[in-house]
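I opened this notebook to record, entry by entry, what I looked up in one protein model. The entries go from the overall layout to the interior.

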Amino acid sequence: MILMPGRPSSGEESTLLRWMRFEIGRINNGVAAERKHLSTLLSEDKPSSVTKGGDLYEFDRDVLLRLEKALPAELQRRLRLPILFYFDSTVPDSLFLADDAAVEALQHLGEISHLRRMHEGRVWIAKPLVYAIVGRYPTVIQIVMR
């Protein structure tokens, strides 16, 4: 192995962590930067938001209407979309929610058990269950890398 003077080695932790943060940021560019209430999105002609990368993020109106029919009005006013599930590399088999209204909405929809409770601001959900939920509610749920 040849080391070049003045350049950090690829094994240095700070270089690796900076690169990983950069890549995670790129991955998260597609995440909606502004989460809007369900009631607000339903009032828009073309329900949308802007991503962290500056692109337009469009919501599927049919999915929004399904949520409107299924969720109580009070919850519709509190629920901000998209619902964000967070990936934490230290827990490879699960993702977590950090939003009380999102947990309540998914419980009301029958997607997660009413026995699940927030613990230290999070509710952990197994990846296969999260992926199934994403498939049933496209555009209103996103996964965020941490």
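The entries below cover the fold, the nonpolar core, two leucines and the cavity search.

**Entry 1, overall layout.** I note at the outset that the model is predicted. I went through the secondary structure and found six helices and eight strands, which follow the pattern α-β-α-β-β-α-α-β-β-β-α-β-α-β when read along the sequence. I then looked up burial, and of the 146 residues of the protein 36% count as buried. For the surface I have about 9000 Å² exposed, with carbon and sulfur atoms supplying 55% of that area. On contact range, I took the contacts between residues at least 6 apart in sequence, and 55% of these join residues at least 24 apart.

**Entry 2, the largest nonpolar core.** I looked up the largest nonpolar core and found that it has 31 residues, those with the most contacts inside it being L64, L79, L81, I83, F85 and V140. I next asked which elements give two or more residues to this core. The helices on that list are α2 (38-43), α3 (61-70), α5 (100-108) and α6 (127-136), and the strands are β5 (83-87), β6 (94-97) and β7 (123-126). The largest share, five residues, comes from α5.

**Entry 3, L79.** I picked L79 from the residues with the most contacts inside the core. Leaving aside neighbours within four places in sequence, I find L79 in contact with K36, H37, L38, L71, A101, A102 and A105.

**Entry 4, L41.** I then turned to L41, which is found in helix α2, and asked whether L41 counts as buried or exposed. L41 counts as buried because its relative accessibility is 0%, and the cut-off for buried is under 20%. With neighbours within four places in sequence left aside, L41 is in contact with K36, P47, S48, F59, R61, L64 and L81. For one of these partners, R61, I also looked up the spacing: L41 and R61 are 20 residues apart in sequence, and their C-alpha atoms are 8.6 Å apart in space.

**Entry 5, cavities.** How many cavities of 30 Å³ or more does a search of the whole structure find? The search finds one, and I note a volume of about 40 Å³ for the largest cavity. Its lining consists of L67, L79, I83, A105, L106, L109, Y137, V140 and I141. Sorted by class, I count nine nonpolar residues in this lining, no polar ones and no charged ones. L79 thus appears in the cavity lining as well as in the previous entry on its contacts, where A105 is among its partners.

Definitions and conventions. Residues numbered from 1 in each chain as written. Predicted model: local features only at pLDDT ≥ 70, side-chain atom pairs only at ≥ 80, totals over all residues. Heavy atoms only, no water. Core = buried A, V, L, I, M, F, W, Y, C linked by side-chain atoms within 4.5 Å. Buried < 20%, exposed > 50% of the residue type's maximum accessible area, 1.4 Å probe, protein only. Contact = heavy atoms within 4.5 Å. 1 Å grid on protein atoms, 1.4 Å probe; cavity = no way out; pocket = protein on both sides within 12 Å on 5 of 7 lines; lining within 4 Å. Points joined across faces, edges and corners; volume = space filled by probe spheres on them. Nonpolar A, V, L, I, M, F, W, Y, C, P; charged D, E, K, R; others polar. Areas by Shrake-Rupley, 256 points an atom, 1.4 Å probe, with all protein chains shown as cover.
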